[in-house]
Amino acid sequence: MISFVKGLAIVGGLAVALMATESRAQDVKVGLLYDATGPVASSSVPYARGIQAAVRAINSAGGIGGKQITLLAEDYGYQIPRALAAYRKMKSAGVIAIQGFGSGDTEALMDTVARDRMPWFSASYSAHLADPRRAPYNYFVGADYSAQARAGLKHIADNWTDTTRRPRLAIVYMDNAFGKSVLPAIQSYADELKIEIVGREVVNPGAIDAVAPITRLKDQKPDFIWLQQIASTVAVIIRDAHKAGLAAKFYGGVWTYDPNLIDLAGPGIEGMVTVQLAALTARGLPVATAMAAAADNPAQLDDPNFVRGWASMMALAAAMKVADRAGNLTGQGIKTALDSGTPIEVDGLMEPAVFTATDHRSSDMTLLYRIEAKKPVLLGAVRLERRAAWLGN
């Protein structure tokens, strides 16, 4: 177990509030694209607040070589056309890098940011974005969605003890770029691990019930269900599954957990395993004091979305500082710094990120937590082998 895993603590609650745009006159402009008013605002807003808090901390420590960061924030409501318009606005305003959010908008702008030489850090962990041949200016901190799913499947296979049959797995995903991004990876790795896929169902953002898909899944008798979902829909799915008496155990990726999930999901949440990229809370870690000082509310330290937003901005800032020292604080200079293969520390919240010019997979490691007695308990870390065939897939 690597050192940053030590001392990870239990997650507490957080009231979600909308984030205001930073408006102070500063020296270096960075864009922030997030969803404050759309279907994933409950995840996007704390992630954006983590970025905002990190910028405060960076600026208070001297900024980028003495230059302060101005964060230009745009709400795109999780709508691709609005994201495209927001990008044009931020580019015209002179930003040199962007912190983005979702899979659909990030992939829609992938070619544009490459042409504009605009480094784009996202909260989309789609494997497509980790392949520099397709997305040379796209980056994210942590294992991609496909790796998260593979880690979950590996845990299932490693702990399956019934020698009379294969484990049965169903998938409940969103019908969008985020949801569909993992389907090929799950199918191929399930085949390799001798896990039988018995059903696929869709539950989209904003769903108020999941009765129909749960009823169909109950007939398929899965042992496990992979949730390619966000926490708000996880709560709906698990509530209806519990009411229907569906006995399957739930697994899900990085967006399946937030501080409100346990209360919203009810008793059916017990035993759920969530695959995470970073500590669920910063409390107890060396960065906690600085993070609490920069946060709007110290409770934000207990939101994993806030934590990952902070880590993403710290990684970008580290590259900006290298580019500035090289006298090339531009998009191209930031990319050169990122692609150097030098480990980038992110305050001990996860293992250091490492990017190269030929591989933007920053990590192959995930953390698995299981809900036990209404609390997330760290099961341990899963590190996948790095296969060339998995780059971008």
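Which residue lies over the face of Tyr137? Lys335 does, at 5.2 Å from the ring centre.

## Charges over rings

The model is predicted. Besides the placement of Lys335 over Tyr137, a second charge sits over a ring. Arg308 lies over the face of Trp255. Its distance from the ring centre is 4.4 Å.

## Aromatic pairs

Searching the whole structure gives 15 aromatic pairs. One of them joins Tyr125 and Phe140. Their geometry is edge-to-face, with 5.5 Å centre to centre and 85° between the planes. Tyr125 sits in the loop between strand S4 (120-121) and strand S5 (138-139), while Phe140 sits in the loop between S5 and helix H5 (145-159), so the contact ties together parts 15 residues apart in sequence. Tyr125 and Phe140 are both buried.

Tyr125 also pairs with Tyr145. This contact is edge-to-face, at 5.7 Å centre to centre and 90° between the planes. Here the loop between S4 and S5, which holds Tyr125, is linked to helix H5, which holds Tyr145. The two residues are 20 apart, and the pair links distant parts of the chain. Tyr145 is buried, as is Tyr125.

## The aromatic cluster

Tyr125, Phe140 and Tyr145 belong to one aromatic cluster. Its other members are Tyr47, Phe101, Phe178 and Trp255. Trp255 is also the ring that has Arg308 over its face. Within the cluster, Tyr125 makes edge-to-face pairs with Phe140 and with Tyr145.

Key: Residues are numbered from 1 along each chain as its sequence is written. This is a predicted model: local features need pLDDT of at least 70, side-chain atom pairs count only at pLDDT 80 or more; totals for chains, interfaces and linings use all residues. Side-chain values use heavy atoms; hydrogens and water are left out. Rings of Phe, Tyr and Trp (its six-membered ring) pair if their centres lie within 6.5 Å; planes under 30 degrees apart count as stacked, over 60 as edge-to-face and the rest as tilted. Helices (H or I, at least four residues) and strands (E, at least two) are DSSP runs, numbered from the N terminus. Buried means under 20% relative accessible area, exposed over 50%, partly exposed in between (1.4 Å probe, protein chains only). A charge sits over a ring if NZ of Lys or CZ of Arg is within 6 Å of the ring centre and within 35 degrees of the ring normal.
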